[in-house]
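Please open the model in your viewer and keep the sequence panel beside it. The stops below each begin with a selection to make.

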Amino acid sequence: MGTETMGRVVVKARIQNLNDLFKAREGHLKESEVREIEVEDALIDTGAYMLFVSRRLIKQLGLKKFRTRRIRTAAGTSSAGVYDAVRLTIQGRECTIDVADVPNDCPVLIGQIPLEMLDFVVDLRNQKIIGNPEHGGEHMIDAF
């Protein structure tokens, strides 16, 4: 493993417009019309908290901004738009989470909150995420 990839974990992720999913469930939209994207190389970033998606992909998903939040990055303090919730699916596990925007040249970033919601932990040695060993790898929600 070269130093340029050491510690880098990428996953395939599906991101769906949650409002579209609700409309489809109620029969107001065909399932084939639900806006979604498949990302082959979403970057696991345990230093981030949220799900960060480029503005270009946010537009493609048809998400609406409902607030702006200050954020801290390696480059300093900035601000990011926070958008409608999406359904995030990774390795068959799903969660619902708001989206924050990043510039178009940034990858999709999967932060700590979605990882916990999906009950994944990072296996840096093997450069992948795995089901939480404390739960036998099974998707479980802690309620305490």
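The tour moves from the interior to the surface of what is a predicted model.

Begin by selecting Ile15, Leu51, Leu88, Ile90, Val108 and Ile110, which are the residues with the most contacts inside the largest nonpolar core, a set of 27 residues. Then colour the elements that each supply at least two residues of this core: strand S1 (10–17), strand S2 (36–44), strand S3 (51–54), helix H2 (55–61), strand S5 (76–90), strand S6 (93–102) and H3. Apart from this core lies another one, of six residues, and selecting Leu43, Ala48, Phe52 and Ala100 will show you some of its members.

Return now to Leu88 and display its surroundings, setting aside the neighbours within four places in sequence. Its contacts include Ala13, Arg14 and Ile15, together with Leu51, and also Arg93, Glu94, Cys95 and Ile97, while Ile110, Pro114 and Leu118 are further partners.

Cys95, one of those contacts of Leu88, makes a convenient next selection. Cys95 is counted as buried because its relative accessible area is 7%, whereas Cys106, at 30%, is partly exposed. If you look for disulfides while you are here, note that a search of the whole structure finds zero.

Finish at the surface by selecting Tyr49, Ile113 and Met117, which make a nonpolar patch of about 310 Å². Of these patch residues, Ile113 belongs to helix H3 (residues 112–118), and Ile113 is described as partly exposed because its relative accessible area is 41%.

Note on methods
Residues numbered from 1 in each chain as written. Predicted model: local features only at pLDDT ≥ 70, side-chain atom pairs only at ≥ 80, totals over all residues. Heavy atoms only, no water. Patch = residues over 30% accessible without salt bridge, like charges linked within 9 Å, V, L, I, M, F, W, Y side chains within 5 Å. Areas by Shrake-Rupley, 256 points an atom, 1.4 Å probe, with all protein chains shown as cover. Salt bridge = Lys/Arg side-chain N within 4 Å of Asp/Glu carboxyl O. Helix = DSSP H or I, 4+ residues; strand = E, 2+ residues; numbered from the N terminus. Buried < 20%, exposed > 50% of the residue type's maximum accessible area, 1.4 Å probe, protein only. Core = buried A, V, L, I, M, F, W, Y, C linked by side-chain atoms within 4.5 Å. Contact = heavy atoms within 4.5 Å. Disulfide = S-S within 2.5 Å.
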